[in-house]
Each structure stands twice: as C-alpha cells, then as structure tokens.
Amino acid sequence: MRNLILFDFDGVIVDSYELSYAVSRSAFTALTLEQYKSFFYGNIFTKTPQLSPEVRSAITANYVKSIYDRQIFPGMVEAIRNLCGTYTLAIVSSTNSDVID
C-alpha cells in the first residue's frame with residue numbers, strides 16, 4: 001500500500017500570494033490586505049462578494065496569465081522528485097486545473 005501526500009498549489013508549491021492579492025484588487029479596489037487575508041479563513045468562494053461572470057472571468061484570466069511568472073518555492077521541485085518514488089502525490093487547489101497541469 002502506498003501513502004498519499006496532498007499539496008495545495010497556491011502558497012505551498014507556488015508563491016502566488018502577492019499576485020492573487022493584486023488580481024483581487026483589480027476587481028475590489030478598496031480591498032485591504034487584512035480583508036484579503038480574512039478570505040482564507042474558510043472557503044474563499046463564500047467570503048468574496050458575488051461577482052458577475054464577466055468580472056470573475058477577467059480576474060481568472062489575469063491570474064492565469066501571470067501565474068507562470070511566479071516562483072516555485074525553494075526546495076519544492078526536489079521534495080516532489082524525492083517523494084514521488086515512494087508516495088502517491090496529488091495537488092488539491094481552487095486554482096484552475098489548466099494552470100496546474
């Protein structure tokens with residue numbers, strides 16, 4: 001039997017915090033850093049204001065376009081390579097799966 005290790009994408013594998021905050025501010029210009037941090041105590045999708053499909057799509061497109069420029073946290077590539085021979089690895093995330101693939 002193989003053991004399973006789950007990784008979150010944002011904030012664990014990729015340093016996306018500042019990008020995500022900047023993209024969120026593009027839709028909510030008055031959003032403070034403290035308000036943004038509070039979104040992560042629970043389900044972010046139930047804490048953010050209701051957005052029109054057009055606005056949500058624009059935010060997602062901005063995020064997807066910019067995420068490829070983000071840095072993978074130091075040591076993550078090596079850790080994943082070392083673990084993959086022994087464990088089943090999976091990524092769980094609210095990030096669009098196209099970005100993760």
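How many helices and strands are there in the protein chain? The chain contains six helices and two strands. This is a predicted model, and the tour below proceeds from the overall fold to individual side chains.

**Whole chain**

Begin with the complete protein chain in a cartoon representation. Followed along the sequence, its elements appear in the order β-α-α-α-α-α-β-α. The C-alpha trace spans about 45 × 25 × 25 Å along its principal axes. If the display is coloured by accessibility, 22% of the 101 residues count as buried. A contact map may be opened alongside: among contacts between residues at least 6 apart in sequence, 72% join residues at least 24 apart.

**Helix H4**

Select residues 53-67, which form helix H4. This helix has 15 residues, and the distance from its first C-alpha to its last is 21 Å, close to the 21 Å expected at 1.5 Å a residue. Next, show the side chains of Ile59, Tyr63 and Ile67, which are the buried positions to examine in H4. Turn the view to look down the helix axis: the buried residues of H4 fall within an arc of 60 degrees, so they line one face of the helix. The other side of H4 carries Pro53, Glu54 and Lys65, which are exposed. To see what covers the buried residues of H4, add H1 and helix H6 (97-100), which are included in that cover.

**The largest nonpolar core**

Keep those side chains visible and extend the selection to the largest nonpolar core. Its eleven residues are Phe7, Phe9, Ile13, Val14, Leu19, Val23, Ile59, Tyr63, Ile67, Met76 and Val99. H1 and H4 each supply at least two residues of this core, and H4 gives the most, with three residues.

Centre the view on Val14, a member of this core. Leaving aside neighbours within four places in sequence, Val14 is in contact with Phe9, Ile67, Arg70, Gln71, Ile72 and Phe73. Apart from the largest core lies another core, of six residues, among them Tyr21, Phe28, Leu31 and Ile44.

**Ser16 and Ser20**

Is Ser16 buried or exposed? Ser16 counts as buried, at 2% relative accessibility. This residue lies in the loop between strand S1 (4-8) and helix H1 (17-27). With residues up to four places away in sequence set aside, Ser16 touches Asp10, Gly11, Tyr63, Ile67 and Arg70. Two of these names are already on screen: Tyr63 and Ile67 are buried residues of H4.

Move next to Ser20, found in helix H1. Ser20 also counts as buried, at 19% relative accessibility. Under the same exclusion of sequence neighbours as before, Ser20 touches Tyr36 and Tyr63. A distance label drawn from Ser20 to Ile59 should read 9.3 Å, C-alpha to C-alpha, although these two residues are 39 residues apart in sequence.

**The aromatic cluster**

Now display the aromatic rings. The whole structure holds two aromatic pairs. The rings of Tyr21 and Tyr36 have centres 5.2 Å apart and planes at 50 degrees, so this pair is tilted. Tyr21 belongs to helix H1 and Tyr36 to helix H2, so the pair ties together parts that are 15 residues apart in sequence. Both partners are buried: Tyr21 has a relative accessible area of 17%, and Tyr36 stands at 1% relative accessibility. Add Tyr17 to the selection to complete the picture, since ring pairs link Tyr17, Tyr21 and Tyr36 into a cluster.

**The salt bridge in helix H2**

Which residue forms a salt bridge with Lys37? The partner is Glu34, with the closest N and O atoms 3.6 Å apart. That distance satisfies the cut-off applied here, a side-chain nitrogen of Lys or Arg within 4 Å of a carboxyl oxygen of Asp or Glu. By this rule, the count comes to one salt bridge.

Both residues lie in helix H2 (residues 33-38), three residues apart, about one turn of the helix. An α-helix has 3.6 residues a turn, so residues three or four places apart point the same way. Colouring by accessibility shows Lys37 as partly exposed, with a relative accessible area of 33%, whereas Glu34 is exposed at 56%.

Note on methods. Residues are numbered from 1 along each chain as its sequence is written. This is a predicted model: local features need pLDDT of at least 70, side-chain atom pairs count only at pLDDT 80 or more; totals for chains, interfaces and linings use all residues. Side-chain values use heavy atoms; hydrogens and water are left out. Helices (H or I, at least four residues) and strands (E, at least two) are DSSP runs, numbered from the N terminus. Buried means under 20% relative accessible area, exposed over 50%, partly exposed in between (1.4 Å probe, protein chains only). Contact means heavy atoms within 4.5 Å. Rings of Phe, Tyr and Trp (its six-membered ring) pair if their centres lie within 6.5 Å; planes under 30 degrees apart count as stacked, over 60 as edge-to-face and the rest as tilted. The expected span of a helix is 1.5 Å times one less than its number of residues. The arc is that of the directions from the helix axis to the C-beta atoms. A nonpolar core is a set of buried Ala, Val, Leu, Ile, Met, Phe, Trp, Tyr and Cys residues joined through side-chain atoms within 4.5 Å.
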